[in-house]
Amino acid sequence: MDRGKESQQQPESATRSSVNANRKGLTRRQFLTYVLGGTGAFMGATVVSPLIVSAFDPIHRGGSGSFSKTNWKVSDFNDKLPTHVTFQQHIDDAWNSQDKPNDVYVITYQSKLMIMSHTCTHLGCHVNGSIQNGKSVAPEYGGGKEWFFCPCHGSQYNIYGVPTPTSPAPRPLDLYEYKIDTDGSVMVGGTISRTNSTWDVNPNPPIQA
Ligand code: FES
C-alpha cells in the first residue's frame with residue numbers, strides 16, 4: 001500500500017521538480033536574454049552615436065567661405081614686384097565660421113596671379129617684404145637679390161617666394177587658390193603648398209590683365 005502510494009507520488013513529485021526546473025531555466029534564459037540584449041544595445045549605441053554626432057558636427061557644414069571676396073582687381077598687380085594687400089578671410093573651421101584679417105603678397109607670373117602667404121615655411125613667422133612707406137621697392141635682402149626676409153631665423157626668399165639654398169625655410173611660401181568673380185574682383189581660397197622644384201606650378205586659372 002505504502003509502496004503503491006509512493007509509486008503514485010513519485011511521478012507527481014518528479015513532475016513538480018521538472019516544472020520548477022523548467023521555471024528556473026526559463027528565468028535564467030530570460031535573464032541572459034535581457035543581459036545580452038541590453039549589452040548589445042549599449043554597444044550598438046556606443047558605435048552609432050559618434051556617427052550621428054559626427055553627421056551634425058559643424059566640421060561637416062557646407063562652407064560658404066571657401067573663397068573670400070576681396071576688393072582687388074587683377075590690374076592692381078604686376079609682374080615686377082609683389083604687392084602687399086590685406087583682406088578679410090572667411091574661415092569655416094570645426095566650430096567657427098568667421099572673418100579674420102589676413103595679408104598676402106601678390107605678383108603676376110605667366111598670366112596668373114601668385115598670391116603668396118606671409119607665413120614663413122620654417123617655423124611660421126610673418127615674413128617681411130621689401131617695402132618702404134607702404135610701397136614695394138627693389139629687393140633689399142641678400143645683397144639686393146632677395147625680396148622677402150624672415151626676422152625669426154633669417155630666411156630669405158626671392159620675389160616668387162622661393163627661399164635661398166642657405167635659408168632654414170625648406171620650401172617656398174604657400175600660394176592661395178583664387179578665382180575671379182563676375183564683377184572682376186579676386187576671390188581668395190585655400191592654400192597650396194609648393195616645393196623648391198615646383199615653385200612655378202600654379203593650378204589657378206589664367207587672368208586677363
Ligand atoms: S620662422 Fe622664418 S626663418 Fe625660422
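This passage describes the fold, strand pairing and nonpolar core of a predicted model. Local features were accepted at pLDDT of at least 70 and side-chain atom pairs at pLDDT 80 or more, whereas totals for chains, interfaces and linings use all residues. Residues are numbered from 1 along each chain as its sequence is written.

The protein chain contains one helix and 11 strands, taken as DSSP runs numbered from the N terminus (helices H or I, at least four residues; strands E, at least two). The helix comes first in the order α-β-β-β-β-β-β-β-β-β-β-β. Of the 209 residues, 22% are buried, that is, have 20 or more other C-beta atoms, placed from the backbone, within 10 Å of their own. Contacts are defined by C-beta atoms, placed from the backbone, within 7 Å; of those between residues at least 6 apart in sequence, 50% join residues at least 24 apart.

Strand 11 pairs (at least two DSSP bridges) in the antiparallel sense with strand 1 (residues 68-73) over three bridges and with strand 10 over five. Lys73 has Ser185 of strand 11 as its bridge partner, and Tyr176 lies opposite Thr191 in strand 11. Four residues separate strands 10 and 11 in their hairpin, where Gly184 adopts a positive phi near 90°.

The largest nonpolar core (buried Ala, Val, Leu, Ile, Met, Phe, Trp, Tyr and Cys residues joined through C-beta atoms within 7 Å) comprises 27 residues, with the most internal contacts made by Val106, Met114, Ile115 and Met116. Two or more core residues come from each of strand 3 (97-109), strand 4 (112-117), strand 10 (175-180) and strand 11 (185-192). Leaving aside residues up to four places away in sequence, Met116 touches Pro82, Val104, Tyr105, Gly161, Leu173 and Leu175.

Technical notes: Buried ≥ 20, exposed ≤ 12 C-beta atoms within 10 Å, placed from the backbone. Contact = placed C-beta atoms within 7 Å.
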